[in-house]
Every structure is written in C-alpha cells, then in structure tokens.
Amino acid sequence: MATRQTRSLARLMLAPSVVLLLIWMIVPLAMTLWYSFQNYNLLNPVMRSFAGFDNYRYFYTDPAFFESIANTLAIVVGVLLITVIGGILLALLLDQPIFGQGIVRILVISPFFVMPPVAALIWKNMIMHPGYGVLADVARSLGLQPVDWFAQYPLLSIVIIVSWQWLPFATLILLTALQSLDEEQKEAAEMDGANFFNRFRYLTLPHLARAITVVILIQTIFLLAVYAEILVTTNGGPGYATTNLAFLIYRTALLSYDIGGASAGGVIAVVLANIVAIFLMRAVGRNLER
Amino acid sequence: MARAISTRRKTVTTVVAWLVALIIFFPILYTIITSFKTEPEAIAGISLIPSGTFENYIEVQAQRDYFRPFLNSVVISLGSTLIALLISVPAAWSMAFSPARRTKDILMWMLSTKMMPAVGVLVPMYLIFRDTGLLDTRTGLTIVLTLVNLPIVVWMLYTYFREIPGEILEAARMDGASTLKEIVYVLTPMAVPGIASTMLLNIILAWNESFWTIRLSAANAAPLTAFIASFSSPQGLFWAKLSAASTLAIAPILIMGWFSQKQLVRGLTFGAVK
C-alpha cells in the first residue's frame, strides 16, 4: 500500500518548501558571514579587501555596541516582565464570568493587530506627546508637570509601547491555556478549602507553566528584533539611548554604508537569537512527541 | 455541579474587566475618534466627541495618494499568502499523511529558519535586491514575505492536517479511489477549514510586517507600513490626518483578527498551545 511510489510522491511534494527555505536560510547568511570579513563600504565600493576580524573588533570596541546590547536586553526583559505578569492577571480576570465577555476579549486583543508603525505613532503623538498628548492633559488636570516621555525616559517609552502591542498576545495564549484547566480540579480544590492564592500557586500556575514558557520564548524572538517602533519614535536616540542591536546594524549598514561592519553585527545578532532559539525548539519539540 | 456565582461578584468583575479593556483599547479608540476631528480640534486637549468631519479621509487621499500604498499592501499580503499556501499545502500534506523517519527533523529545521533575525541578513538582502532590480518592487516584497512566513504556514497546515483521521484515506483506497481522487474528493473538503485559518493568520502577519517592507521599499512599492512610518518626521498639526490614515490601515486587519483569535494562538505557538 504505502508503496515506493507514494514515498517518492511525498518527497516530491515536500521538495519545493525545503529547497526554498534552504536557499533562504543559507545564501544570505553565507553572504553576511563573507562580508563580515571584508572591508566593504558602499560609499567606496572599489576599495574592497579582506579584513580578517577587523569588523568584529571594530564592532566590539564601539561603545555603541555595548549600549545597544544593554538596550536590547532592557527591552526584552522589560517587556517580558510587563506582558507575562500583566498577561497572567488579565487572563485570570477574563476567565471569570463577565457580562459582555466576547466584546471585552476583542477590545483586549486588538492592539496585537495594529501594525508597529501605527502603534508607535499613536503613542508618540496622541498619548505621550508632552504638549498635546492625553497623558500630558491628564497630568495638567491633576496639577502635575507633564512628562516629556521620549526626552526623559526614552527607553521606558519604547518598552511601554512594545508592551502594549504584546500584552494581548500573552493574555490570549495564557487565557487559552487557562480555559483548558479542568473545571473539576478547580472545584475539588475549592471544596478542600484551598483559598485563591493556594489554588493559584499549586494548581493554576503549574498548569500555566508550559504556556508561560511558550510566551516568553516566542516573544523573546520578536523582541530581540524590535525595529519599526524605534525608527518612528526616537530613531535610536537621544544619542544611542534607544538603539538596540537590530537598530545599530541598520544604522551601520544603511546610514554609514559600512557593509563589513553591519555584517559582523548581523552575525552577532544571529548567534544571540540562536541561543534563544535552541530553548524554544526544545520546548516545541517536546510537544511534538506527545 | 455548577458553582453558584453571586450576581454581585459578577457585576464587580464585569466593571473591572471593562475598565481594563477600555484602557487597553483606548489608544485605538482615540485614533478613530481623532480621525473625525479637524486638525485644531485634534490638539486641543482630550475630547471624545469629534465634530464628525470626513475631511481627513479625503485629504489623505488627495495629498498623499493613500490608495497606492493600500493597494500595495493588499497585493503583497494576499500575493505572498497565496504563493506560500501553494508551496506549503503539498509539503504539509505529505508530512501529515506519509510521515518518514526524518519528518520531525524537517519540521523542526523549518521552524528554526524562523528564528533567524532579519537584521542578520539585511545587508545581503539589500544588495541582492539592489543588484537584481527587486528593490522597491511589489514582486520583491512578495517574495520576501513568502519566504519569511513559509515556515509558519507549513507548520500551521501540518497541525491541521494531522488531525484528519487516516482511516478515511484507507477507506477511500479500499473503494478503489486513485490518489488524485482521494485528494480531490475526500481530503480537500476536510482540509479547507484549516487552510482558511492559515490563510487568515498569514494575511495578518504579512500586512503588519514592518522590517522588510520598510527597508526594501520606497515611493513605488511602499505598503501601508512604510507609508505610515513616513509620517514620523513632521511635528504636530497633522494628527487628524495621521489618525485617518492609521484607522484605514488597521481597520481591515483588526476585523480579520477578531475572527481569528483561536487560530492565532495555534499559529503563533506552532501548535504548542491550543
């Protein structure tokens, strides 16, 4: 039945995806690696030469590099803290019986569907603007001095915007996981006199552990690469205050035209992302076995 | 036995939940409201009641040729989704119905390509696009978005196809159906819902993709992401128009998103959370 013929048909059906992804994965990456060992500036493309590890050394000794790594980590950790903790609380809230539950859910998940440039510009202009923004209006009506968000707390502002975009994702996934919790178990725990905290600590949280892991890992992959939000709000500044690794590479490549340097940065970014990826693959892979 | 829930408790939870939900939704709501204000109104302090002008929508089209990036977004996101589906359906199909020893490894490897940060290959992609004339073309962006989303599409389809019982196939074979007939009459009807969900999620992802679309496009092929990003420089006095452009840019996806909540969880967690 499952003959050689079906076998080879199956291979044939699989081939286009595999070949395309193989090319997509290998060709640009190999080129990045190659350029990273070259002196190559688009402003002077004729002067190309082998650079050895110069680009890496240059990138590594650039003070902006460490600042950008620190900023990258601050964005990832900050957003994860806000979205995971906020997501758990929101999921617990939305899991309760509520009038108009469907609409509440829709309102809560909506920010996730807003494209990053729109999200960032809404926050920058309409919410956080020191003169005309909603937060400034609120501050003034309370008799407080309005905060100039992007000047005083540039990195925090980015974290807030990105958190707003990802909180719905965390909430939605944790809520989905929460709803698969056995109702009978919850009741049994309640009958046994476990209070809310104990039920949460010993029943809900262990049940959510897997979903939390997935949220953290998937978000980390996207958060390492935050780009558009920075581009349209602070453009990496003031100074390098909001430049993350992704943005620094973009600056090096397309604003300084330094192909070699940007490629070295790219290699570093790939290595960093892969460390995270290994953990994610394990978590997902385990699920495949089931 | 259902737990008895007092109406009072439900009312309190309802109020809290609505309050939180409205705060989270507020920036979007305020954008929609602002899009119906005049420019002086837009910066005149909080007000939730606009004068109701449609001027901004007309202006956005007249001054900035809004329809062009909109059309680019539609072409690029639909195009890349359809191509990705054409490539992925056979692949997911073969892995779900004739799994080989290596199937799991292939799936994991495909997923791993998704982990590659875009900036890691920005330089070569930019140079390749520049040298092949794909820079700032809809074709170029469609190709990139197809490749970027291909792993997710294969994975999502795979998790749907895997749920189709294999016995149905066996039964059809017993009845003497050929492979082609098997696919057309037996499996396709069962697979359509999964394909539709995958398509929906992928259109959303492609529509909102904001790295490649911004970096590899200029005036000609710029979709809405790049168009809106170009509003970032000037200060003040244009918020109402920005709001109108933003509202139009997010409305179709917002509505699609509301319908695809469940699939979203499944697609974005690669089936790890259902």
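**Entry 1: H8(B) against H9(B)**

I started with how H8(B) crosses H9(B), and the crossing is right-handed. This is a predicted model, so I treat every value here as a property of the prediction. H8 of chain B covers residues 166-174 and H9 of chain B covers residues 179-208; I get a packing angle of about 155 degrees, with the axes 11 Å apart. That angle makes H8(B) roughly antiparallel to H9(B). Next I listed who touches whom. H8(B) brings B:Ile168, B:Leu169, B:Ala172 and B:Arg173 to the contact, while H9(B) brings B:Glu182, B:Val186, B:Leu187 and B:Met190. Sorted by class, I have six nonpolar residues, two charged and no polar ones in this contact.

**Entry 2: H4(B) against H9(B)**

I stayed with H9(B) and looked at another partner, H4 of chain B, residues 67-97. What angle do H4(B) and H9(B) pack at? I read about 140 degrees, with the axes 9 Å apart. H4(B) and H9(B) are therefore oblique to each other. H4(B) also passes H9(B) in a right-handed crossing.

The contact list runs along both helices, and I only note part of it. From H4(B) I wrote down several residues, including B:Phe70, B:Ser73, B:Leu78, B:Leu85, B:Trp93 and B:Phe97. On the H9(B) side the list includes B:Ile183, B:Leu187, B:Ala191, B:Ile195, B:Asn202 and B:Trp207. B:Leu187 had already turned up in my notes on the contact with H8(B), and here B:Leu187 is listed against H4(B). How does the contact of H4(B) with H9(B) divide by class? I count 16 nonpolar and seven polar residues, with no charged ones.

**Entry 3: chain B records and domains**

I checked the UniProt record for chain B, an unreviewed entry. It places "transmembrane region" at residues 12-33, 74-94, 106-129, 141-161, 182-207 and 238-259. I then looked at two of those spans in the model. Residues 12-33 of chain B are 100% helix and 0% strand, and the end C-alpha atoms lie 28 Å apart. Residues 182-207 of chain B are also 100% helix and 0% strand, with end C-alpha atoms 35 Å apart.

The domain assignment splits chain B into domain 1 (7-58) and domain 2 (65-232). I get 35 Å between the C-alpha centres of domain 1 and domain 2 of chain B.

**Entry 4: over to chain A**

For chain A the UniProt annotation, again from an unreviewed entry, puts "transmembrane region" at residues 12-37, 69-94, 106-123, 155-178, 208-228 and 259-281. In the model, residues 69-94 of chain A are 100% helix and 0% strand, with the end C-alpha atoms 36 Å apart. For residues 208-228 of chain A I get 81% helix and 0% strand, and 31 Å between the end C-alpha atoms.

The unreviewed UniProt entry also gives "domain: ABC transmembrane type-1" at residues 69-280 of chain A. How far apart are the end C-alpha atoms of that span? I find 21 Å, and the span is 76% helix and 0% strand.

**Entry 5: H3(A) against H8(A)**

Last pair: H3 of chain A (residues 63-94) and H8 of chain A (residues 154-179), which pack at about 40 degrees with their axes 6 Å apart. That makes H3(A) oblique to H8(A). The crossing of H3(A) past H8(A) is right-handed. By class I have 20 nonpolar and seven polar residues in the contact of H3(A) with H8(A), and no charged ones.

Notes
Residues numbered from 1 in each chain as written. Chains lettered and ligands numbered in written order. Predicted model: local features only at pLDDT ≥ 70, side-chain atom pairs only at ≥ 80, totals over all residues. Heavy atoms only, no water. Axes fitted to C-alpha atoms, helices over the stretch in contact; angles between N-to-C directions. Helix = DSSP H or I, 4+ residues; strand = E, 2+ residues; numbered from the N terminus. Parallel < 35°, antiparallel > 145°, perpendicular 65-115°, else oblique. Left-handed = near helix turned anticlockwise from the far one by under 90°. Contact = heavy atoms within 4.5 Å. Nonpolar A, V, L, I, M, F, W, Y, C, P; charged D, E, K, R; others polar. UniProt positions renumbered as here; feature names shortened; annotations may be inferred. Domains from an automatic or database assignment.
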